Amino acid sequence: MAEIQVRVASCDDDIEAARDLCRQWLDWHWENYPPDWPRGDDHPMDPDGFQVILRDLADLHKRPKGAILVAWVDSIPAGCVMYAEAGPETAELNRMFVNPAGRGHGLGQRLLDAMFDQMVADGYARAIFSSAAFLTHARDMYLKAGFQPITHPAGFPDMWRDKVYFMERALP
């Protein structure tokens with residue numbers, strides 16, 4: 001039986017593990033990205049722009065109002081999720097990913113549960129996020145975790161409306 005641990009990143013090695021998982025997430029995204037969807041330098045998952053996010057990852061999710069959580073299977077990083085303050089009592093989660101080696105261990109739900117607990121401890125009452133519509137398996141997981149669809153924010157680009165969805169969940 002695999003040893004599973006989920007914890008808030010607290011040292012440089014944890015942050016680097018999260019960066020590596022984010023790189024895997026980006027690669028997986030582009031391997032599975034629908035061919036008829038928009039592309040270009042202004043794409044939110046543009047590999048060059050994503051390098052800036054990776055460089056700034058720790059600052060973007062800095063404690064005490066943000067966190068990076070990493071899941072480990074037999075001491076090997078296998079999944080991550082992170083969040084940051086999005087508004088009063090609202091946190092936005094980002095970059096939820098479980099790599100192929102980590103799948104089948106319930107890591108997605110474990111990461112979400114640990115993240116919800118940490119969000120509540122950080123004073124949040126609500127979690128929000130956006131995701132790509134082609135990730136139907138992820139949407140099912142989020143619905144089972146208590147997220148509900150919400151409308152696109154004002155000013156959201158029309159070309160992305162049918163490709164991106166938004167969800168929210170009240171925190172206990």
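**Contacts and overall form**

I began with the contacts in this predicted model, and I noted that, among those with a separation of 6 or more, 63% are accounted for by residues 24 or more positions apart. I then went through the secondary structure and found five helices and seven strands, which follow one another from the N terminus as β-α-α-α-β-β-β-α-β-α-β-β. The radius of gyration came out at 16 Å, close to the 16 Å that the globule rule gives for 172 residues, so I recorded the protein as being as compact as a globular protein of that length. Along the principal axes, I found that the C-alpha atoms fill a box of roughly 45 × 35 × 30 Å.

**Surface and charge**

I looked next at burial, and 45% of the 172 residues count as buried. The protein exposes about 9100 Å², of which carbon and sulfur atoms supply 52%. For the charged side chains I noted 17 positive and 26 negative ones, with the centres of the two sets 4 Å apart.

**The cores**

I searched for nonpolar cores, bearing in mind that in soluble globular proteins nonpolar side chains tend to be buried together. The largest one has 36 residues, and those with the most contacts inside it are Tyr 83, Leu 93, Met 115, Phe 116, Met 119, Tyr 142 and Phe 147. Two or more residues are given to this core by each of strand 2 (67-73), strand 3 (76-87), strand 4 (90-98), helix 4 (107-121), strand 5 (126-132), helix 5 (136-144) and strand 7 (164-170). Helix 4 provides the largest share, six residues. I followed up Met 115 and, leaving aside its neighbours within four places in sequence, I found it in contact with Leu 69, Val 81, Tyr 83 and Leu 93. I also came upon a second, separate core of 18 residues, which includes Ala 9, Ile 15, Leu 21 and Ile 68.

**Lys 65**

I ended with Lys 65, which is found in the loop between helix 3 (57-60) and strand 2. Is this residue buried, exposed or in between? Its relative accessibility is 36%, and because the range from 20% to 50% lies between buried and exposed, I entered Lys 65 as partly exposed. Once its neighbours within four places in sequence are left aside, Lys 65 is in contact with Tyr 83, Ala 84, Glu 85, Asp 122 and Tyr 124. I also looked up Gly 123, which is 58 residues from Lys 65 in sequence but 8.4 Å from it in space, C-alpha to C-alpha.

Definitions and conventions. Residues are numbered from 1 along each chain as its sequence is written. This is a predicted model: local features need pLDDT of at least 70, side-chain atom pairs count only at pLDDT 80 or more; totals for chains, interfaces and linings use all residues. Side-chain values use heavy atoms; hydrogens and water are left out. Helices (H or I, at least four residues) and strands (E, at least two) are DSSP runs, numbered from the N terminus. The radius of gyration is taken over C-alpha atoms; the globule rule is 2.2 Å times the number of residues to the power 0.38. Buried means under 20% relative accessible area, exposed over 50%, partly exposed in between (1.4 Å probe, protein chains only). Contact means heavy atoms within 4.5 Å. Accessible areas come from the Shrake-Rupley method with a 1.4 Å probe; for residues, only the protein chains shown count as cover. Lys and Arg count as positive and Asp and Glu as negative; His and the chain ends are not counted. The place of a charge is taken as NZ of Lys, CZ of Arg, CG of Asp or CD of Glu. A nonpolar core is a set of buried Ala, Val, Leu, Ile, Met, Phe, Trp, Tyr and Cys residues joined through side-chain atoms within 4.5 Å.
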